[in-house]
Amino acid sequence: MTAASPRARSVKADSVLVKAAEDARAAAVDIGSEDAVGAHLGHDAEGERVVTHYFACELAGYVGWRWAVTVTRASRSKAVTVSECVLLPGADAVLAPAWVPWDERVKPEDLGPGDLLPVSEDDYRVEPGYVTADDQDALEVVQELGLGREWVLSREGRDDAAVRWFEGDTGPHTDIAKAAPGRCGSCGFSVQLAGTIGHAFGVCTNERTPFDGKVVAHTHGCGGHTDVRLPAPSEDAPEPVVDTLSYELVPLELDAP
């Protein structure tokens, strides 16, 4: 591998184009206005006989931006030509935040009564649930089996949900799950979900726990497990001791009927 020549590493600024700062400024004024173009900020050599001059931008709302005017000339010619004039952001420019699609900005708590959350046609989380059949008898069987939904979860949709639930506050990694006397998979209050996702998740039905109505991993757990029981009363319980020093025993007299 040969080393790059000094000419390839850096381009010497053309002296004629460097002196053409006023021509570049005139081009910027022609695009903007006299008040929009500020002081000359320097220049860059873009290539052989190609130089870009920079001017401060005085337009309101363009703090830190600068006018960039590129000039050039033909070989052995002293006539300067303006190639382009644009506004470019500087290091301290005020820029709009990066664009984020709406479906990535929406949070679960943003959905309120009456709000609609449309599903895009190419949403990878769902796939067609059935193929339309002309046979009416076949359609009745499909509906009877509960297969009549137009869209169902795709494998990727199930995997995303499973990872989200497993790593959430109803998974096995929380402090309450680690201290639990048993796991949700063996709890009578856990109702297993249908389908393949039910191999790992159920729904808690114990209203005395904070997980009532929530999807819980079979490896999750809490103190509300159905195996938790109060200890049975002992038959060898000691006789109650009455402290007679703190009060006086008075015989109860009943009036005759």
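The largest pocket of this predicted model encloses about 730 Å³ of space. Its lining comprises 19 residues, and those closest to the pocket centre are Asp103, Val106, Leu117, Asp123 and Arg125. Two elements, α4 (102-105) and α6 (155-166), each give two or more residues to this lining. Helix α6 provides the largest share, namely four residues. Considered by domain, the lining of the largest pocket takes at least three residues from domain 2 (122-153) and at least three from domain 3 (156-217). Considered by class, the lining holds 11 nonpolar, two polar and six charged residues.

**The cavity**

A probe the size of a water molecule, rolled over the atoms, reveals where empty space remains. The structure contains one cavity of 30 Å³ or more. The volume of the largest cavity is about 90 Å³. Its lining is formed by 14 residues, of which Cys184, Cys187, Phe189, Cys204 and Cys222 are the closest to the centre. Seven of the lining residues of the largest cavity are nonpolar and seven are polar, while no charged residue takes part. The lining of the largest pocket, by contrast, includes six charged residues.

**The four-stranded sheet**

Turning to the strands, one open sheet consists of four strands in the order β1-β2-β3-β4, and its pairing is antiparallel. Strands β1 (37-47) and β4 (81-89) form the edges, each pairing on one side only. From one strand to the next, the twist averages 20°. Within this sheet, β3 (residues 65-72) and β4 are joined in the antiparallel sense over eight bridges. An individual position in this sheet is Arg66, whose bridge partner in β4 is Leu88.

A helix accompanies the sheet. Helix α3 (residues 21-31) lies across β1, β2 (50-57), β3 and β4. The direction of helix α3 makes an angle of about 125° with β3.

**The three-stranded sheet**

A further open sheet has three strands, arranged in the order β7-β8-β9 with antiparallel pairing. Here the edge strands are β7 (190-192) and β9 (215-217), each of which pairs on one side only. Neighbouring strands of this sheet are turned against each other by 45° on average, with direction ignored.

Strand β8 (residues 201-204) is paired with β9 in the antiparallel sense over three bridges. Strands β7 and β8 also run antiparallel and are joined by three bridges. Individual residues illustrate both pairings. Gln192 stands opposite Gly202 in β8, and Gly202 in turn stands opposite Val216 in β9. Phe201 is placed opposite Ala217 in β9.

One residue links this sheet to the cavity described above: Cys204 is among the residues closest to the centre of the largest cavity, and residue 204 falls within the range of β8, 201-204.

**Strand pairings in summary**

The table below gathers the strand pairings for which bridges are stated.

| Strand pair | Sense | Bridges |
|---|---|---|
| β3 and β4 | antiparallel | eight bridges |
| β7 and β8 | antiparallel | three bridges |
| β8 and β9 | antiparallel | three bridges |

Note on methods: Residues are numbered from 1 along each chain as its sequence is written. This is a predicted model: local features need pLDDT of at least 70, side-chain atom pairs count only at pLDDT 80 or more; totals for chains, interfaces and linings use all residues. Side-chain values use heavy atoms; hydrogens and water are left out. On a 1 Å grid over the protein atoms alone, a cavity is a set of points where a 1.4 Å probe fits but cannot get out, and a pocket is an open set with protein on both sides within 12 Å along at least five of seven lines; lining residues have an atom within 4 Å of a point. Grid points are joined across faces, edges and corners, and a volume is the space filled by probe spheres set on the points. Ala, Val, Leu, Ile, Met, Phe, Trp, Tyr, Cys and Pro count as nonpolar, Asp, Glu, Lys and Arg as charged, and the others, Gly among them, as polar. Domain bounds come from an automatic or database domain assignment. Two strands pair if DSSP finds at least two bridges between them. Axes are lines fitted to C-alpha atoms, for helices over the stretch in contact, and angles run from 0 to 180 degrees between N-to-C directions. Contact means heavy atoms within 4.5 Å.
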